[in-house]
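Visitor: Please pick a single part of this model and look at it closely. After that, I would like to know how the rest of the chain is arranged.

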Amino acid sequence: MNKIIILNGPNLNLLGEREKNQYGSLTLKDIEKICIDYSSRSDIRLSFFQSNLEGELVDRIQSSRNNQDGLIINAGGYTHTSVAIHDALKILKIPIIELHISNIYNREEFRHKSLISKVAKGVICGFGAEGYLMSLNAMNKFLEK
Ligand code: CA2
């Protein structure tokens, strides 16, 4: 059974409350439930974690080193700024998928740069909350090989 962790960065705890045009109306709890339902039908043991704090995300990434088979990350705004998250991810030897709900490339210029893409095996963005299931499916495929 493969162990996969989904990490969510700052402000994603507010999903479904505001900016519904951009991020949809599902809450992060709704998304977590959908992902857990999916994982219980697949060969996955899923962990789901959100933090607004960069250091807490770095801690989770570090502790995934020895006990996860794949990591999916929506780093929120830290995607565009965090050398610390980039460095922590770079240490991992497991596949990493970068995930965004919105298409960061058709938004403001400052969102076009990602420090995560360089260390990710794949990137999924612009498919709304559906991207969470798409990334789980893609991770499953990566881990099958
Ligand atoms: O599209 C994504 O998933 C993002 O990672 C979301 C981040 C944004 O900074 C990235 O550029 C793209 C922001 C998440 C903020 O979520 C909110 C949800 C509801 C209300 C306000 C913010």
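Guide: The close look begins with one helix and then moves outward to the rest of the chain.

This is a predicted model, in which local features need pLDDT of at least 70 and side-chain atom pairs count only at pLDDT 80 or more, while totals for chains, interfaces and linings use all residues. Residues are numbered from 1 along each chain as its sequence is written, and side-chain values use heavy atoms, with hydrogens and water left out.

The part chosen is helix α4, which covers residues 83-91. Helices here are DSSP runs of H or I with at least four residues, strands are runs of E with at least two, and both are numbered from the N terminus. Which residues of α4 are buried? They are Ile85, His86, Ala88 and Leu89. Buried means under 20% relative accessible area, exposed means over 50%, and partly exposed is in between, using a 1.4 Å probe and protein chains only. These four cover an arc of only 165° around the axis, so they are on the same side of α4. The arc is that of the directions from the helix axis to the C-beta atoms.

What lies over that side? The cover of the buried residues of α4 includes helix α3 (54-63) and the strands β3 (70-74) and β4 (96-100). Cover of this kind rests on contact, meaning heavy atoms within 4.5 Å.

Helix α3 can be followed through Leu57, which is placed in it. Leu57 counts as buried, because its relative accessibility is 1%. Leaving aside neighbours within four places in sequence, Leu57 is in contact with Ile85, and also with Leu7, Asn8, Gly9, Pro10, Phe49, Ser51 and Tyr78. Ile85 is one of the buried residues of α4. From Leu57 to Ala84 there are 27 residues in sequence, and 9.5 Å in space, C-alpha to C-alpha.

Strands β3 and β4 lead on to helix α5 (130-144). Ser135 is found in α5. Is Ser135 buried or exposed? Ser135 is buried, because its relative accessible area is 0%. Beyond its neighbours within four places in sequence, Ser135 is in contact with Ile72, Ile97, Leu99 and Ile124.

The loop between β4 and β5 (122-125) holds Ala120. At 17% relative accessibility, Ala120 counts as buried. Not counting residues up to four places away in sequence, Ala120 touches Ile96 and Glu98.

Other residues are open to the outside. Asn11 is found in the loop between β1 (2-8) and α1 (20-23), and Glu19 lies in that loop too. Asn11 is exposed at 52%, and Glu19 is exposed at 53%. Most residues other than glycine have a negative phi. Asn11, although not a glycine, has a positive phi of about 75°, and Glu19, also not a glycine, has a positive phi of about 50°. Lys145, in the segment after α5, is exposed with a relative accessible area of 82%. The C-alpha atoms of Lys145 and Gly16 are 36 Å apart, with their positions 129 residues apart in sequence.

Now the whole chain. The protein has 5 helices and 5 strands, in the order β-α-α-β-α-β-α-β-β-α along the sequence. Its radius of gyration is 14 Å, close to the 15 Å that the globule rule gives for 145 residues, so the protein is as compact as a globular protein of that length. That radius is taken over C-alpha atoms, and the rule is 2.2 Å times the number of residues to the power 0.38. The C-alpha atoms fill a box of roughly 40 × 30 × 25 Å, taken along the principal axes.

Of the 145 residues, 47% count as buried. Among contacts between residues at least 6 apart in sequence, 75% join residues at least 24 apart.
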